[in-house]
Amino acid sequence: MADISIRVEGLSYTYPDGWKVLSDVSFELRTGTSVALVGANGCGKTTLLWLIAGLLEAEQGTVYIDEILLDRKNVRTLQKKLGLAFQHPDDQLFMTTVRQDVEFGPRNAGYEEDEISRRAEEAMKRTGCLHLSDRPPYRLSGGEKRMVSLATLLATDAEILLLDEPTNALDPRSRRNAINLLGELEHTRLIATHDLDMALDICDEVMVMHRGSIAARGPAQLILKDRPLLESVGLESPLSLVLP
Amino acid sequence: MVVVTKQELQFRKFEELACISSGVHQLHPVAPFLVILAYIITLTSYPSDAFINLIPLTLFPPIFARLARLPLGLLVRSTLKVLPLIIVIGILHPLIDTRPMQIGSFTLHHGWLVFASLLIKGFLTILANFLLISTLGISGLQRAMKTLGLPPVFYLLFTMVYRYIMLLMEEVYRVLRAYELRSGRKPKLRAQEWGSLPGGILLRTYEQGLRIQHAMEMRGYSPKQPFGKEQSLERKDILFAASWLAVFVCLRMEFFHG
């Protein structure tokens, strides 16, 4: 495993309708760190995650995963190192039961049945959704779907997690469970989020995005205390820093 | 509960039935697949007016449903919803084919016999397909097709169509529910809304389909690899398939000799 898990250089992306969503984005993520990607709606967080995951092709710029250039030829190989949690878990859960969904990744990786079951059990146990294993994913609550979608990633060989709004629409207890889980993980994590309290809780660093560019980057404590900066990009200080 | 939500829940039921743990569900997917395929072939191989000969075949769905612990009532109700289509296809027979036929003391047009036969064949064929999907689910169907040596493009196409229809149905129900809740609970769309709604539904379904495909690819999905567990064929699978095939062959031979 390289020292730098993700390196992005001069990345730009324009949607087919002409909307330039990312402009000359560059940064790198050290292996094992947890970095929050924050910014107002539509600033390009999801697009950036999709570009890193190789689901979109950059108009300009390059992405390196473990210091290997991501291109058309090796995208499928490098995707094995990545786990992407989609903004809406419904996009991620497509099998008939939770167990089948969690087993989907290890099965495609070619593991033996015993290993597939072991990985799925462990991932479901870790995310607290073992009791849901025989239920259809579409019958679960939002919080349960979110935890199952995380389990589907943990069962794979992904070393880098790209998480899009992982605490979105969760009730306080489910949110706390998700935060605890994400905080315990040893993977390199890039977390696009509006939940600044979570970022403060579990992220080493925060990257602030504004209109398709990185406006600031630094230690979570420092960035999230910078009220003028946050307000200038349409964000507010985390409640835990505002409340006495 | 809003009407469309009830329908939505029912439409998802087939997938859930495929997760039941019954003797038939635990067989290798190719066994139930072959049995139902043979049933449909037997059914459709009878001449168009062999109404009486079809009657023994009506016993298969209840027996199979019993073995697979499937709710026959639900499957029959779902089949009945497709019946009007078969009626439309066959309704002209009694009007065109007016040859008289003597059945006991009754005389009726030959076309009525053809129509009744078509109705039964259509009903049983659709019911058999529902039994199949409720037993195997999408992953079992893929496995069965792969075991039978069908080219990947075949089951890939099948899966894509099936999944797209599922997504499309979900999106239709979502839009109809939103419409129903904001239209004073009038379930029918007004003519002027028919233009924009289908276009929006198709685009949204396409986009969601794309996102799901991305999610699958991110977890190593390859079109050549069917979903679900690898299973090897066992003696019980062969016995199950062979027994039913023997029954169908006997019934069909009976027709030739009887």
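Tutor: Contact here means heavy atoms within 4.5 Å. The model under discussion is predicted.

Student: How many residues does each chain give to the contact between chain B and chain A?

Tutor: Chain B supplies 22 residues and chain A supplies 26 residues.

Student: How should one read the area buried between chain B and chain A, and what part of that area comes from carbon and sulfur atoms?

Tutor: Buried area is what two parts lose in accessible area on being put together, summed over both. For chain B and chain A the value is about 2500 Å², with 58% given by carbon and sulfur atoms.

Student: Which polar features cross the interface, and how many salt bridges are there between chain B and chain A?

Tutor: A salt bridge requires a side-chain nitrogen of Lys or Arg within 4 Å of a carboxyl oxygen of Asp or Glu. The count between the two chains is 3 salt bridges. One of them joins the side chains of Glu16(B) and Arg139(A), at 3.1 Å from N to O. The rule for polar contacts finds 8 residue pairs across the interface, both residues being at pLDDT 80 or more.

Student: Which element gives the most to the side of chain B that touches chain A?

Tutor: Helix 11 of chain B does, with 8 residues. By class, this side of chain B has 8 nonpolar, 5 polar and 9 charged residues.

Student: Is Phe94(A) buried or exposed?

Tutor: Phe94(A) counts as buried because its relative accessible area is 7%, and buried means under 20%. Phe94(A) lies in the loop between strand 6 (82-85) and helix 3 (98-108) of chain A. Among the residues it touches are Phe104(A), Ile212(B) and Met216(B).

Note on methods
Residues numbered from 1 in each chain as written. Chains lettered and ligands numbered in written order. Predicted model: local features only at pLDDT ≥ 70, side-chain atom pairs only at ≥ 80, totals over all residues. Heavy atoms only, no water. Buried area = accessible area lost by both parts, 1.4 Å probe. Polar contact = N/O pair within 3.5 Å; in protein donor to acceptor, adjacent residues only side chain to side chain. Helix = DSSP H or I, 4+ residues; strand = E, 2+ residues; numbered from the N terminus. Nonpolar A, V, L, I, M, F, W, Y, C, P; charged D, E, K, R; others polar. Buried < 20%, exposed > 50% of the residue type's maximum accessible area, 1.4 Å probe, protein only. Lists of a residue's contacts leave out its neighbours within four places in sequence.
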